[in-house]
Amino acid sequence: MVKKKPDASLKGKKPINTAKKAAPIKRNPGHIANRLKRSEMYGKYLESKRQEKKDRRVQREKEAEALGEEAAKKATPKTLDNTREVEPTLVLFDPEVTADEAEDEFARYFHSETPPKVLVTTRPR
């Protein structure tokens, strides 16, 4: 029997099977007991999550570009200011309220008519 000689380009390395494509990791590899293997699989897991997220973003951009102006605009996030209900007891412009604010004892300071007398003190350490 004739023994096959390895390819000169491999130089003692095992040939890589390029026919198989690695399946994406679907679940967090926290159940793997071997620390090195777990960290390697977790890195692959994070990379696959990033790639899926990027693919979804690219797909959305392509769809938006294809639709043109008919594309759905970015949704505004729900914040406290956006979701706040209008206060029915809020008085915006009432002559009575403005008169009360004008007669306030600190009104001169708020309208910069009188400079405030401020004493800043410190204590030695």
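**A walk along helix α1 and beyond**

Reader: Which residues in α1 are buried?
Author: This is a predicted model, so keep that in mind as you look around. To count as buried, a residue needs under 20% relative accessible area. In α1, that label goes to Met41, Tyr45 and Ser48.

Reader: What share of the 125 residues in the protein chain is buried?
Author: For the outside of the protein chain, the exposed area is about 13,600 Å², with carbon and sulfur atoms supplying 55% of it. As for the 125 residues themselves, the buried share is 6%.

Reader: What pattern does the protein chain follow along the sequence?
Author: The secondary structure comes to 4 helices and 0 strands. Reading along the sequence, you get α-α-α-α.

Reader: How many Å apart are the end C-alpha atoms of helix α1?
Author: Helix α1 covers residues 35-67, which makes 33 residues. The expected span is 1.5 Å times one less than the number of residues, so α1 should span 48 Å. The model agrees with that, as the end C-alpha atoms are apart by 48 Å.

Reader: At the start of α1, which residue has a side-chain oxygen that reaches the backbone nitrogen of leucine 36?
Author: The backbone nitrogen of leucine 36 has a side-chain oxygen within 3.1 Å. That oxygen belongs to asparagine 34.

Reader: Just after α1, which residue takes a positive phi?
Author: Helix α1 takes in residues 35-67. Just after α1 comes a positive phi of about 75°, and the residue is glycine 68.

Reader: Why are glutamate 47 and arginine 50 separated by about one helical turn?
Author: The two form a salt bridge, and their closest N and O atoms are 2.9 Å apart. An α-helix has 3.6 residues a turn, so residues three or four places apart point the same way. Glutamate 47 and arginine 50 sit about one turn from each other because their spacing in helix α1 is 3 residues.

Reader: Which residue does glutamate 61 meet in a salt bridge?
Author: The partner lies 4 residues from glutamate 61 in helix α1, about one turn of the helix. Glutamate 61 is partly exposed, at 47% relative accessible area, and the partner is partly exposed too, at 40%. The N to O distance is 3.6 Å, and the partner is arginine 57.

Reader: Are aspartate 81 and arginine 84 buried or exposed?
Author: Their side chains meet in a salt bridge, 3.0 Å from N to O. The label exposed calls for over 50% relative accessible area. Both aspartate 81 and arginine 84 are exposed.

Technical notes. Residues numbered from 1 in each chain as written. Predicted model: local features only at pLDDT ≥ 70, side-chain atom pairs only at ≥ 80, totals over all residues. Heavy atoms only, no water. Helix = DSSP H or I, 4+ residues; strand = E, 2+ residues; numbered from the N terminus. Buried < 20%, exposed > 50% of the residue type's maximum accessible area, 1.4 Å probe, protein only. Areas by Shrake-Rupley, 256 points an atom, 1.4 Å probe, with all protein chains shown as cover. Polar contact = N/O pair within 3.5 Å; in protein donor to acceptor, adjacent residues only side chain to side chain. Salt bridge = Lys/Arg side-chain N within 4 Å of Asp/Glu carboxyl O.
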